[in-house]
Amino acid sequence: MKVAITSTGNSPDSMIDSRFGRCSYFVIYDTENQSTEYIPNPNRDSIEGAGPASVELVASKGVTKVISGEFGAKVKSIFDQLQVQLIMINSQDKSISDIIQLLNNQH
Amino acid sequence: MPRPKRIRKVTNPPHFKGFKPMGILPDKPPVVLNYEEYEAIRLNDFELKGHVEAAMIMEVSRPTYTRIYESARRKVAMAFVNGQAIVFEGGKVYFDSEWYRCNNCGCFFNHPQKDQEVTHCALCHSTDIRIFSDKEEEKQIEDIYICPCCGQEKIHDENNPCNEELCPDCNCKMIRKGILSNKRPIETKI
């Protein structure tokens, strides 16, 4: 299962980005082989339509969960149609490695 | 110019595109059933909710809901009798799913796979979760009082009338937190 996390930087120590559409990086984490991939967000500075464009990018990677601080109204409805689960984290002091650790807590 | 249509909430959109009649050639144009009409039939005839309750779920008025439902039944009847296909398409809707809150890690998550039961948090796998609603959040704000002068916050005590609540530091009358933005601080003479 693949999980996308919005990140402010391209290392495991960087913090979660509270915005979805205009975050700096997307981290694609694969829970099966524990691999991470950092993708710089091309929609970071776009004026309009950053959310749907980012959804397209994330969905093309085949993720089933997306973790961010907040999601816009357009983004929510597209993800709902794509059957992708959204997770909102309010605190901004969580790093990417913290979140990956939380995800691995199961079993 | 007519008033714009209120946007309808669809909690459970269909996961297929439509229906087609068996045994005849599809020579007639299909009937287009809007998502809101599908949702109206689902709420009333499948979940057996009353019009008032269903209207509240779709966030429209009761007469509007009844109109959507009426139109939906007519379209379904037309498709049945004429042997037309039905396609689900369009409508002034937005899709929404329920949100859950985890008491362990404090995150919020939704659940798009509606046929599966929600048992644990999507992030930390804790089983300490509950359904989150906006009303709950509003209530929390109402219960907090804030001093307009020094900004000190206090949780409302049920036994004390709220208009007599005084700030322990500067003796100001305290006000509800949610309405602070549209009220200027009231200075009291000491």
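# Exercises on a predicted two-chain model

Chain A has a mean pLDDT of 84, with 98% of its residues at 70 or more. The model is predicted, and the exercises below work through its confidence, helix packing and selected loop residues.

**Exercise 1. Determine which elements of chain A and chain B carry the lowest and the highest confidence.**

Step 1. In chain A, the lowest mean belongs to H2(A), at 79. The highest, 89, belongs to strand S2 (residues 25–30) of chain A.

Step 2. Chain B has an average pLDDT of 78, and 74% of its residues score at least 70. Among its elements, helix H4 (residues 134–142) of chain B has the lowest mean, 55, and H3(B) the highest, 94.

Step 3. Residues 180–190 of chain B have pLDDT below 50, and this stretch has 11 contacts in the model beyond near neighbours in sequence.

Step 4. For the complex, the predictor gives an ipTM of 0.76 and a pTM of 0.57.

**Exercise 2. Describe the secondary structure and the contact pattern of chain A.**

Step 1. Chain A contains 3 helices and 5 strands. Along the sequence they are arranged as β-β-β-α-β-α-β-α.

Step 2. Of the 107 residues in chain A, 48% are buried.

Step 3. Take the contacts in chain A between residues at least 6 apart in sequence: 52% of them join residues at least 24 apart.

**Exercise 3. Classify the packing of H1(A) and H2(A) by angle, and list the residues that form the contact.**

Step 1. Helix H1 (residues 50–60) of chain A and helix H2 (residues 73–81) of chain A have axes 8 Å apart, at an angle of about 30°.

Step 2. Angles under 35 degrees count as roughly parallel, so H1(A) and H2(A) are roughly parallel to each other. Their crossing is right-handed.

Step 3. From H1(A), the contact uses A:Gly51, A:Pro52 and A:Val55; from H2(A), it uses A:Lys74, A:Val75, A:Ile78 and A:Phe79. By class, the residues of this contact are 5 nonpolar, 1 polar and 1 charged.

Step 4. The buried residues in H2(A) are A:Val75, A:Ser77, A:Phe79 and A:Asp80. Within chain A, the buried residues of H2(A) pack against H1, strand S4 (65–68) and strand S5 (85–88). In chain B, their partners are strand S5 (93–95) and strand S7 (108–110).

**Exercise 4. Repeat the classification for H2(B) and H3(B).**

Step 1. The axes of helix H2 (residues 51–58) of chain B and helix H3 (residues 62–82) of chain B come within 8 Å, crossing at roughly 95°.

Step 2. The range from 65 to 115 degrees counts as roughly perpendicular, so H2(B) and H3(B) are roughly perpendicular to each other.

Step 3. H2(B) supplies B:His51, B:Val52, B:Ala54, B:Ala55 and B:Met58, which meet B:Arg62, B:Tyr65, B:Thr66, B:Ile68 and B:Tyr69 in H3(B). This contact has 7 nonpolar, 2 polar and 1 charged residues.

**Exercise 5. Decide whether the loop residues A:Lys94 and A:Asn43 are buried or exposed, and name their contacts.**

Step 1. A:Lys94 is in the loop between S5 and helix H3 (96–103) of chain A. The cut-off for buried is under 20% relative accessible area. A:Lys94 has 17% relative accessibility and therefore counts as buried.

Step 2. Leaving out residues up to four places away in sequence, A:Lys94 touches A:Met15, A:Ile16, A:Ile89, A:Ile99, A:Leu102 and B:Cys105. A:Ile16 is 78 residues from A:Lys94 along the chain, and their C-alpha atoms are separated by 6.1 Å.

Step 3. A:Asn43 lies in the loop between strand S3 (36–40) and H1 of chain A. A:Asn43 has a relative accessible area of 14%, so it is buried. With the same sequence exclusion of up to four places, its contacts are A:Gly21, A:Arg22, A:Ala50, A:Ala53 and A:Ser54.

**Exercise 6. Locate A:Gln34 and B:Leu48, and state their phi values and exposure.**

Step 1. Most residues other than glycine have a negative phi.

Step 2. A:Gln34 is not a glycine, yet its phi is positive, about 55°. A:Gln34 sits in the loop between S2 and S3 of chain A, and with 49% relative accessibility A:Gln34 counts as partly exposed.

Step 3. B:Leu48 also has a positive phi, near 55°. The loop between helix H1 (35–46) and H2 of chain B holds B:Leu48, which counts as exposed at 68% relative accessibility.

Definitions and conventions
Residues numbered from 1 in each chain as written. Chains lettered and ligands numbered in written order. Predicted model: local features only at pLDDT ≥ 70, side-chain atom pairs only at ≥ 80, totals over all residues. Heavy atoms only, no water. Axes fitted to C-alpha atoms, helices over the stretch in contact; angles between N-to-C directions. Helix = DSSP H or I, 4+ residues; strand = E, 2+ residues; numbered from the N terminus. Parallel < 35°, antiparallel > 145°, perpendicular 65-115°, else oblique. Left-handed = near helix turned anticlockwise from the far one by under 90°. Contact = heavy atoms within 4.5 Å. Nonpolar A, V, L, I, M, F, W, Y, C, P; charged D, E, K, R; others polar. Buried < 20%, exposed > 50% of the residue type's maximum accessible area, 1.4 Å probe, protein only. pLDDT = per-residue confidence, 0-100.
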